[in-house]
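Here are a few short exercises to help you find your way around a new model. Try each one yourself before you read the worked solution.

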Amino acid sequence: MLTDDGTGLRVDGERLRDFARAGGPSAPAPAADPREAILRTFLRDGALTRLPAQRGRRRVLLEHITERSFTPGVRYPERAVDDALRRWCEGGEADHVTLRRYLIDDRLLARDHGVYWRP
């Protein structure tokens, strides 16, 4: 805000306090679903930015990827699984092989002789 004589700026403390109490212009709305907050953090434009280190958060993300990539009961050759997972990893820090390993370890995908399925 300009001072009365127009020579400089001053801070309007009262207005600043009111603004801070109101939450500011870009205060994010609290996430109704913690899963949504995790997905917003680790996915950008449908691609995985990185894998969370925390197991619980990683599980939420893996479940999301599994639900959107694989139909229960359908059997997939390894190449089809890799192709599906590569799309999630484009432009991010994660790679499809690590992602596949986590899906197997967390039992979101099962595997037998190079064939995968969602149990």
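**Exercise 1.** Which residues in H2 meet which residues in H3?

Keep in mind as you go that this is a predicted model. Start by finding the two helices: H2 covers residues 34-42 and H3 covers residues 55-69. Now look for the contacts. From H2 come Arg35, Ile38, Leu39 and Phe42, and they meet Arg57, Val60, Leu61, Glu63, His64 and Glu67 in H3. Sort these contact residues by type and you get 5 nonpolar, 1 polar and 4 charged.

**Exercise 2.** Work out how the axes of H2 and H3 are arranged.

Two numbers will do the job: packed helices are described by the angle between their axes and the distance between the axes. For H2 and H3, the axes come within 10 Å and cross at roughly 80°. Angles of 65 to 115 degrees count as roughly perpendicular, so H2 and H3 are roughly perpendicular to each other.

**Exercise 3.** Find the buried residues of H2, then say what covers them.

First, pick out the buried ones: Ile38, Leu39 and Phe42. Next, look down the axis of H2: its buried residues fall within an arc of 95°, so they line one face of the helix. Finally, check what lies over them. The cover includes strand S1 (43-44), strand S2 (47-48) and H3.

**Exercise 4.** Which residue caps the N-terminal end of H2?

Go to the N-terminal end of the helix and look for a side-chain oxygen by the backbone nitrogen of Arg35. That oxygen belongs to Asp33, and the distance is 3.0 Å.

**Exercise 5.** Is His96 buried or exposed?

Locate His96 in helix H5. Its relative accessible area is 17%, and buried means under 20%, so His96 is buried. What does His96 touch? Leaving out residues up to four places away in sequence, its contacts are Asp82, Leu85, Arg86 and Cys89.

**Exercise 6.** Where do Arg107 and His113 sit, and what is the sign of phi at each?

Take Arg107 to begin with. It's in the loop between helix H5 (96-105) and strand S4 (110-112). Its phi is positive, about 60°, although Arg107 is not a glycine. With 70% relative accessibility, Arg107 counts as exposed.

Then move along to His113, in the loop between S4 and strand S5 (115-117). Here phi is positive too, at about 50°, and His113 is not a glycine either. His113 counts as exposed, with 78% relative accessibility.

Note on methods
Residues numbered from 1 in each chain as written. Heavy atoms only, no water. Helix = DSSP H or I, 4+ residues; strand = E, 2+ residues; numbered from the N terminus. Buried < 20%, exposed > 50% of the residue type's maximum accessible area, 1.4 Å probe, protein only. Axes fitted to C-alpha atoms, helices over the stretch in contact; angles between N-to-C directions. Parallel < 35°, antiparallel > 145°, perpendicular 65-115°, else oblique. Contact = heavy atoms within 4.5 Å. Nonpolar A, V, L, I, M, F, W, Y, C, P; charged D, E, K, R; others polar. Arc of directions from axis to C-beta. Polar contact = N/O pair within 3.5 Å; in protein donor to acceptor, adjacent residues only side chain to side chain.
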